[in-house]
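Q: I am new to this structure and would like a close look at one part of it. Please take me slowly through the place where the ligand sits, and then through what lies around that place.

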Amino acid sequence: MKEWLKDAVFYEIYPQSFYDTNGDGIGDIPGIIEKLDYIKELGCNALWINPCFDSPFKDAGYDVRDYKKVAPRYGTNEDLVRLFDTAHEKGIRVLLDLVPGHTSEEHEWFKASCQPEHNEYSDRFIWTNSCFTWGGGMPFIGGETERNGTYILNFFKCQPALNYGYGTCREPWQQPTDAPGPRATVEAIKDVMRFWLDKGCDGFRVDMAASLVKNDTKDKKYTCAIWREIAAMLAEEYPEAAMVSEWNEPKLSLKNGFDMDFMLEHPNSGYSWLMRNYDGATDSDPHNIGNCYFCADSDVGIAKFLDHWLPLYKATRKDGLYCPITCNHDTIRPSAGLTVDELKLAYAMLFTLPGAPFLYYGDEIGMRYLPLPTKEGGYFRTGSRTPMQWKKGKNLGFSKAKADKLYLPVDPAPDAPTVAAQEKDPDSLLNTVKSLLALRHARADLHADAPFKVLYAADPETDGQRPFAYKRGKLVCAVNPALDEAALPLNLRKGLKPLFALGGGGIKDGTLYLGAQSFVILG
Ligand code: NOJ
């Protein structure tokens, strides 16, 4: 494992919404540079920046028109290089968002691929051999191009799938992964990676990493082979560079070249049971987050999380990091379902689990999910993408633009949380995050790769309680999310002292007493 990942804490930045320095209502790269000290003081030492490349923004930049050009609304390539350099001076690494599965329909590669005459890019995307041959069960577009064929989509209509070939080729138009077209795609993506790595970026968050090869085997044999090849290129040419996959299948990702994979909120995933079990949500009421472990009045025990997470962690801990997230730009913010007290406990656990944590901008102050009309293909996700709330006053300190020019409106609530207000309050969520992360950095026992062991996992059905205790190295962490007190017969050794504590509690004769809604780290 790369040494720097052991102590890495990532901060995810949605660049549109972080900080606007030129008054156009949209966040920009100089804005990220200005806020690097804030990020550092918070305790984050690595960034994941959502796509900041030239794009028609039909999917908020995940529809890339030019992989090698910063979108003018965010600044220039020189600004991005300045961000790498300034971040490095402050000990912060920067991951860019790599979108290898598709481009925008406006990308030059795709425009050339649509031409009827054969050219260098004819096989860069996946085409059938006639306009009347459909996509073999995959989403496709036909009848739009001079080229006589239909093309496969990877996500939205604006995102044609790049051609990495087929695992199983049954039709004449399907290409094996070692055909010249798919091989050229792999080389083109490596070229994009080298372009930014040469300019100083530290690696990539990889969008839809599982999506490359179509009709792949169940264990994604062909897609995995491509990631191993790319990881080998990085190991040789950029040994410090890291990749984190959007996959949530650590047994595949971490064993096939990725340094990290992060948790996603799929139904029944460990993350969902901790933070947001959607059993109560419907399309018309997505806020109804239902019962999850950190809800004080829930009946969900820690087993729901452990059943999913623990086997994955155990099977992959030697291969890489399976990383906890507070949420991300595709999810509803955790504050929609958890109170500030509940969020404190949730973050305390997320930041003391193995793996490198990912903190989504604004979650550190409990920014709210706002029900808003869709913007740039966001749909329900738009409500988690609103401008960062720096301080009271105009646009909550995000931008000097007129309010109607903002990328998205700021939280209009009179009590909208802000950084400035929470900095002054020692008990704020922000200051809780800061103390947790400071402790995490100070104690190697809390680093990403330090050992983890379950000490106590109550089952609410039999114990009537829900506390959970675990060991990280020599430290003991324990949480009680419920409103009742709990006693954990842990037979703790003498002399353990709280290094961090929320809520009351104490140790007597080796038994750990936990107050209502409490978290303690003992060492
Ligand atoms: C996953 C990204 O996180 C999401 O925002 C995007 O819409 C899709 N991939 C398509 O790239």
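A: A polar contact is a pair of N or O atoms within 3.5 Å. With that cut-off in mind, and remembering that the model is predicted, one can begin with R381, where an N or O atom of the side chain is 3.0 Å from an oxygen atom of the ligand. The side chain of R205 likewise has an N or O atom 3.0 Å from an oxygen atom of the ligand, while for H329 a polar side-chain atom lies 2.8 Å from a ligand oxygen. Of the 290 Å² of accessible area that the ligand has on its own, the protein covers 98%.

The residues around the ligand include, besides R205, H329 and R381, also D59, Y62, H102, F155, D207, M208, E246, D330 and R385. To place these residues in the chain, it helps to know that domain 1 is made of 3–99 and 263–442, that domain 2 runs over 102–161, and that domain 3 covers 451–522.

The meeting of domain 1 and domain 2 can be described next. Their C-alpha centres lie 34 Å apart, and 13 residues of domain 1 are in contact with 12 residues of domain 2. The area buried between domain 1 and domain 2 is about 950 Å², with carbon and sulfur atoms giving 55% of it. On the side of domain 1, K58, R65 and Y67 supply 45% of the area buried against domain 2, which is more than any other three residues supply.

K58 also takes part in a salt bridge with E105, in which the closest N and O atoms are 2.9 Å apart. Between domain 1 and domain 2 there are two salt bridges in the count, and seven residue pairs are found in polar contact across this interface. The residues of domain 1 that touch domain 2 divide into six nonpolar, one polar and six charged.

Technical notes
Residues are numbered from 1 along each chain as its sequence is written. This is a predicted model: local features need pLDDT of at least 70, side-chain atom pairs count only at pLDDT 80 or more; totals for chains, interfaces and linings use all residues. Side-chain values use heavy atoms; hydrogens and water are left out. Domain bounds come from an automatic or database domain assignment. Contact means heavy atoms within 4.5 Å. Buried area is the accessible area (1.4 Å probe) that two parts lose on being put together, summed over both. A salt bridge is a side-chain nitrogen of Lys or Arg within 4 Å of a carboxyl oxygen of Asp or Glu. A polar contact is a pair of N or O atoms within 3.5 Å; within protein, one must be able to donate a hydrogen and the other to accept it, and residues adjacent in sequence count only if both atoms are side-chain atoms. Ala, Val, Leu, Ile, Met, Phe, Trp, Tyr, Cys and Pro count as nonpolar, Asp, Glu, Lys and Arg as charged, and the others, Gly among them, as polar. A residue is near a molecule or strand if one of its heavy atoms lies within 4 Å of it. Accessible areas come from the Shrake-Rupley method with a 1.4 Å probe; for residues, only the protein chains shown count as cover.
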